[in-house]
Amino acid sequence: MNVILEALLNKHFAGSDLPLPPDLLHELDVLLNDTTTMQQEIGKSNEETGTLEELYHILWETLNLLGAETSPVIGDGETMRSIVNATDLLNAECRNIVFNEQKTLRETVHLKTIQRVAKAGSWDVPATRDLSAVQNYWSAELFHLLGIDPSETKITYEQYIGLVHPDDRGFMLEEVNRAYMETGRYDTEYRIIPGGDLNNPRIVREIAEVIKDEHTGEPVSLIGVTMDITEIKLAERAIVDANTELRTLFNTMNEVFFSVNVDQDKLLQISPACTRLYGYAPEMFTKDPFLWFTVIVDEDKKKMHESNLLLSQGENSQVEYRIRHKNGQIKWLLTRMRPTLNVAGKLIRIDGISADVTERKEAELALANSELKLRTLLENSNDAIVIINEHLDYTFATESIGRIIGYATEEFVGTSMLNYIHEEDRGFIAHSLLSLNTKPEEPLPFEVRFRAKDGHWVWLEGVATNHSKEEVIKGYIVNFRDVTEEIRYRRELEDANDKLKKTNTELDRFVYSVSHDLRAPLASILGLIEFTASETDDGDIKQNLSMMEESIKKLDVFILDILDYSRNARLEVKRTPIDFSGLLIDIRNSLKFISTGNSNVEIRINIDEDGTFCSDRSRISIILNNLISNAVRYCDPAKPAPYVEVTVVARAGGALIGVKDNGIGIHKDYHQYIFNMFYRISEKSKGSGLGLYLVKETIEKLNGDIQLTSMPGVGTEFKIYLPNP
Ligand code: ADP
């Protein structure tokens, strides 16, 4: 280049004594300066820069030289024209040269940038098998790719091979050979190890062509481009992996994927899961493009039509419908579809996915069913259920409140509970709800007066539970019912009961005092009978007096029974440790004085006690007295050895008492009556018919129990259980 310029300058100015016009010098200066500036911006590390600088230098020097040697001549017009012409020519040619230079430079820069961006290095090597051959040309990017310092200009073929991955060297060289021998070019991929680092191999694609001598046809050089495609390869691999994963998903997922070409009514693909979902293999669907529609339960086909309408408008659709599986089973499917429209807005393709939602659907239906049942139950129940929030406002109420308090739910919900509660009950309710907060797990029973819609008060009885921690409830659940009638009835009953108790107490007191007062005159009469009998020797009178005495004594026993009854009814139970041995000895002694005419009855006593049993001594005495005296009185005269056997086992847990005789016994027809008041089996009975009644009443008072076994002619046994309080 510089040579050309030099030649140009020489051509126009050398050997001439023409002066150089200063404008030319200036213009060349500007022109060259521009080129240099551009060069600087791009970078100076190439040969071209050297060339330009050199060019500039030579041009400048030449011009100066010429300028210095030529003295300015202001001569004839011909000379001036020659100078101007020569200058114009030089100027134009210089411009041309510089323009071409700039163009080449731009292209070089462009090429460099492209190589850098594409990670592609270009090269030109001599077509020789000599490993020590040096490359003709290596682009900067190739240096960069191979991790070699660009200042190393003389790279041998051997050095290059050293940077190919050892495993790939063989086939890479084969490719080169084949290009020389047969194909004239190659396009291959292999790994390089930039900087010789085996740990960081890069994958390159290399395209090369053999340049042959025009005349001999012998290979002269091999030129090519080497591109780093590591990232592309990785991306490709990732795509392949992702594709494989997708395929696996497609083949194994429970959902059925499908794509349909709507234009041709052609199924493009359907995943194998259709075999399980529908009972038909993919081929069946491909063969019969309407199979998917045929299997839809008739009532649900309409949904599909609606969905198709959406799809044809370019909107996604989601349908839940039933299909009939090949085996006859009905299944619920959820299908989501996405349409593809062509440029004319016509639906050409549908991609979709269908899932089996039978279980969910059935659960939903079951839930809806049970909800309906529950609602119906609630609405028809006599109970009402409401929810009260922390501010004591109603947030929910069942319709049944209408029947109980007359309000419709919508006018009730949102109002405050306190509006309706009787003012006397408000304190109690507020307090109770407070206690629910401290013991949320305990249900709170309540009874309140509540103002119904028509203004009258109703008694409500119910239970409140705290569910304020539960997100859905956030309050107290209260269920209640109308107990106004029950409460009125209960009140009446309580009143009547109170009255009855009062009358009973009065009656008891009356019976007691009358009985008590009757005994004194009887004692006087007995005294008088005794005195009169001692004053007379008349046998008849004596007998009459004796009968009178017996009757009076009987009457006294009767009065004593009544007194016992009255005491049992009136007096509180007094518990002390019971000494059965002492008690029974007393009873046996006292019976000796009872005129029964059966003094030959043996009284056997078996006692097993540890002194820990406690009860009411006088009441136990009444029980035993009556049972033992009955056993003696109703002994069987026909039996040679009449007896009554009393057995007692008394412990801290309670006492078991048995009174058994071998007397006349009681027929089973009478068993149910003998504990009744004044009941006697026969008129010949020796007592008043109060004894067993008194026994039963007394045992009841002590919370005990009595049982009877008896057979006429065999005997009678009473078994008693008394608890220790
Ligand atoms: P009473 O004063 O008549 O003895 P009780 O109430 O003591 O009244 O007994 C009711 C009836 O039960 C008696 O009239 C008697 O017929 C029958 N009775 C009670 N104890 C015995 C017994 N140990 N053996 C047979 N009969 C009995």
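These legends go with close-up views of a predicted model, taking in a ligand site and two sheets. Local features are reported where pLDDT is at least 70 and side-chain atom pairs at pLDDT 80 or more, while totals for chains, interfaces and linings use all residues. Residues are numbered from 1 along each chain as its sequence is written, and side-chain values use heavy atoms, with hydrogens and water left out.

**View 1. Residues of the shell around the ligand.** Let us start with the ligand and its 19 surrounding residues, of which Tyr-634, Ser-685, Gly-687, Ser-688 and Gly-689 come nearest; here a residue is near if one of its heavy atoms lies within 4 Å of the molecule. The shell divides into eight nonpolar, eight polar and three charged residues. In this count Ala, Val, Leu, Ile, Met, Phe, Trp, Tyr, Cys and Pro are nonpolar, Asp, Glu, Lys and Arg are charged, and the others, Gly among them, are polar.

**View 2. Polar contacts of the ligand.** Look for oxygen atoms of the ligand facing N or O atoms of the protein; a polar contact is a pair of N or O atoms within 3.5 Å. The side chain of Asn-630 places an N or O atom 2.9 Å from a ligand oxygen. From the backbone, an N or O atom of Ser-688 lies 2.8 Å from an oxygen of the ligand, and one of Ile-681 lies 3.5 Å from a ligand oxygen. The protein buries 97% of the 530 Å² that the ligand exposes when taken alone, by the Shrake-Rupley method with a 1.4 Å probe. Two elements, α20 (617-633) and α21 (691-701), each give two or more residues to the shell, and α20 gives the most, with three. Helices (H or I, at least four residues) and strands (E, at least two) are DSSP runs, numbered from the N terminus.

**View 3. The mixed sheet and helix α20.** Follow the five strands of this open sheet in the order β17-β19-β20-β22-β21, with mixed pairing; two strands pair if DSSP finds at least two bridges between them. β17 (602-609) and β21 (705-711) are at the edges with a single partner strand each, so one side of each has no neighbour in the sheet. Neighbouring strands are turned by 10 degrees against each other on average, direction ignored. Eight bridges pair β20 (654-661) with β22 (715-723) in the antiparallel sense, and Ala-655 has Leu-722 in β22 as its bridge partner. Helix α20 packs on this sheet, touching β17, β19 (643-651), β20 and β22, and its direction makes about 15 degrees with that of β20. Axes are lines fitted to C-alpha atoms, for helices over the stretch in contact, and angles run from 0 to 180 degrees between N-to-C directions. Contact means heavy atoms within 4.5 Å.

**View 4. The antiparallel sheet and its helices.** This open sheet of five strands has the order β12-β11-β15-β14-β13, with antiparallel pairing. Its edge strands, β12 (394-397) and β13 (444-451), each pair on one side only. Here neighbouring strands are turned by 30 degrees on average, direction ignored. Three bridges join β11 (384-388) to β12, with Phe-396 in β12 as the bridge partner of Ile-387. Helix α16 (423-438) lies across β13, β14 (457-466) and β15 (476-482), running at about 150 degrees to β13. Helix α17 (484-535) also packs on the sheet, touching β13, β14 and β15, and its direction makes about 110 degrees with that of β14.

**View 5. The hairpin of β13 and β14.** These two strands pair in the antiparallel sense over eight bridges. Arg-451 stands opposite Trp-457 in β14. Five residues lie between the strands of the hairpin, where Gly-455 takes a positive phi near 95 degrees.

Conventions: Polar contact = N/O pair within 3.5 Å; in protein donor to acceptor, adjacent residues only side chain to side chain.
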